[in-house]
Amino acid sequence: MSEPTARKHTALPKARILIEALPWLTRHHGKTVVIKFGGNAMVDDELKAAFAQDVVFLRHAGLRPVVVHGGGPQISAQLDRHGLVSEFKAGLRVTTDDAMDVVRMVLAGQVQRELVGLLNRHGPLAVGMTGEDAHLMSATKHFAEIDGEQVDIGRVGQITEIDTGAVQALLDDGRIPVVSSIARSADDFDEGAQVYNVNADTAAAALAVALGAETLVVLTDVEGLYADWPNSDDVISKLTASQLEKLLPELASGMVPKMEGCLYAVRHGVTTARVLDGRVPHAILLEIFTDEGIGTMVLPDGTVIDQQDKGHQDNQGEDQ
């Protein structure tokens, strides 16, 4: 019997990788996944391209991806060009009427358009929209709480209602909705076509719940949720909603809206919520289609978690 050729040998690892993905492809087929796009993945050209490839791969693998984005760095840069000061209170951007004009322009006219363009290099897939479109997101004025007092931070909104009709129609048509985190005003006192700036982590979580998504994925600039930061850089692989709730008061301010979003999602019907390091190319594919998993997965209460298991096999579905 002749020896296998070298070419066959080099192809074997590729086949193993594809087969490893099979149970995950089966589990997630037809399911909706909401991805919050942010951090370094949003500003680094190579990471942006890899992110677009991942999302298109999900779509062609039979999933229904929805992308929600903010644009903090781009907004700050544009405000600076307009001579407007970037100010934050309680972790939220103070948004004056002038600043809101810039926020709207940057999110819908710059960040969204670039992402839609990257996705559409792979075919006529992505459609951009904001929370204003078809009443997708409605919000009321949000006041920051500082030292127990309510502080006015301008045109910052708190989502009160989601109408998923337009997003569902796009998904049913095989498209990839790309949503900017701007909401229409639902305040009675707010005359005219006014809008609110809403936190993109919060918006992604609310949309995931409203869509009945299988998974919420939040891209950030850390490896996941650290068990004992800054004393250790060990990442918590999996935890339940109640375990996360106990940790919230100890978290750095930047992680709070992300983890609150994950908590809200899994407590309102989303099967898993995951925080991933967006600095890792193809982090989404590594998380969803491999046995190891990366980042931190949040699961509903009642899920049995094997603390020895470093991967993300979440004890549900075909490969229990």
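This is a tour of the cavities, the largest pocket and a few residues around them in a predicted model.

**The whole protein**

Start with everything shown. The protein has nine helices and 13 strands. Of its 320 residues, 49% count as buried. The exposed surface comes to about 15,400 Å², and carbon and sulfur atoms supply 51% of that area. Contacts often link distant parts of the sequence: among those between residues at least 6 apart, 72% join residues at least 24 apart.

**Stop 1: the largest pocket**

Select Leu-92, Asn-199, Ala-200, Asp-201 and Pro-257. Of the 48 residues lining the largest pocket, these five lie nearest its centre. The pocket holds about 1,300 Å³ of space. Colour the elements that each give two or more residues to its lining: the helices are α3 (72-81), α6 (200-211) and α8 (256-266), and the strands are β1 (32-37), β4 (92-93), β6 (137-146), β7 (149-162) and β10 (215-220). Which of them gives the largest share of the lining? It is α6, with seven residues. Colouring the lining by class gives 24 nonpolar, 17 polar and seven charged residues.

**Stop 2: helix α3**

Stay with α3, one of the elements that line the largest pocket. Select Gln-74, Ile-75, Gln-78 and Leu-79, which are buried in this helix. Why do these four lie on the same side of α3? They do so because they cover an arc of only 135° around the axis. Now show β4 and α4 (97-119), the elements against which the buried residues of α3 pack. Following the chain past the helix leads to Gly-83, where phi is positive, near 70°.

**Stop 3: the largest cavity**

Next, look for enclosed space. Rolling a probe the size of a water molecule over the atoms shows where empty space is left. A search of the whole structure turns up two cavities of 30 Å³ or more. The largest of them contains about 70 Å³.

To find this cavity, select its lining in two steps. Begin with Ala-41, Leu-47, Ala-50, Phe-51 and Asp-54, which are among the lining residues. Then add Leu-219, Gly-278, Val-280, Pro-281, His-282, Ala-283 and Ile-284, which also belong to the lining. Two helices, α2 (45-60) and α9 (283-289), each supply at least two residues of it. The greatest contribution is that of α2, with four residues. Sorted by class, the lining has nine nonpolar, two polar and one charged residues.

Centre the view on Leu-47, a residue of helix α2 that also lines the largest cavity. Is Leu-47 buried or exposed? Its relative accessibility is 10%, so Leu-47 counts as buried, the limit being under 20%. Show its contacts beyond four places in sequence: Leu-47 touches Asn-40 and Ala-41, and also Gly-278, Arg-279, Val-280 and Pro-281. Draw a distance from Leu-47 to Arg-279; the two are 232 residues apart along the chain, with 7.1 Å between their C-alpha atoms.

**Stop 4: the second largest cavity**

Clear the selection and pick His-28, Lys-31, Thr-32, Val-33, Leu-63, Glu-214, Thr-215 and Ile-288. These residues line the second largest cavity, which has a volume of about 40 Å³. Its lining divides into three nonpolar, three polar and two charged residues.

Two of these lining residues are worth selecting one at a time.

- His-28 lies in helix α1 (residues 6-28). Its relative accessibility is 3%, so His-28 counts as buried. Leaving out residues up to four places away in sequence, His-28 touches Gly-62, Leu-63, Glu-214, Arg-274 and Ile-288.
- Thr-215 lies in strand β10. Thr-215 is buried as well, with a relative accessible area of 3%. With the same sequence neighbours left out, Thr-215 touches Thr-32, Val-33, Val-34, Val-270, Thr-272 and Arg-274.

Keep both residues on screen and add Arg-274, which is touched by His-28 and by Thr-215.

For a last distance, which separation in space does Thr-215 have from Val-34? The pair is 6.4 Å apart, C-alpha to C-alpha, and 181 residues apart in sequence. Strand β10, where Thr-215 lies, also gives two or more residues to the lining of the largest pocket, which brings the tour back to Stop 1.

Definitions and conventions:
Residues are numbered from 1 along each chain as its sequence is written. This is a predicted model: local features need pLDDT of at least 70, side-chain atom pairs count only at pLDDT 80 or more; totals for chains, interfaces and linings use all residues. Side-chain values use heavy atoms; hydrogens and water are left out. On a 1 Å grid over the protein atoms alone, a cavity is a set of points where a 1.4 Å probe fits but cannot get out, and a pocket is an open set with protein on both sides within 12 Å along at least five of seven lines; lining residues have an atom within 4 Å of a point. Grid points are joined across faces, edges and corners, and a volume is the space filled by probe spheres set on the points. Ala, Val, Leu, Ile, Met, Phe, Trp, Tyr, Cys and Pro count as nonpolar, Asp, Glu, Lys and Arg as charged, and the others, Gly among them, as polar. Buried means under 20% relative accessible area, exposed over 50%, partly exposed in between (1.4 Å probe, protein chains only). The arc is that of the directions from the helix axis to the C-beta atoms. Contact means heavy atoms within 4.5 Å. Accessible areas come from the Shrake-Rupley method with a 1.4 Å probe; for residues, only the protein chains shown count as cover.
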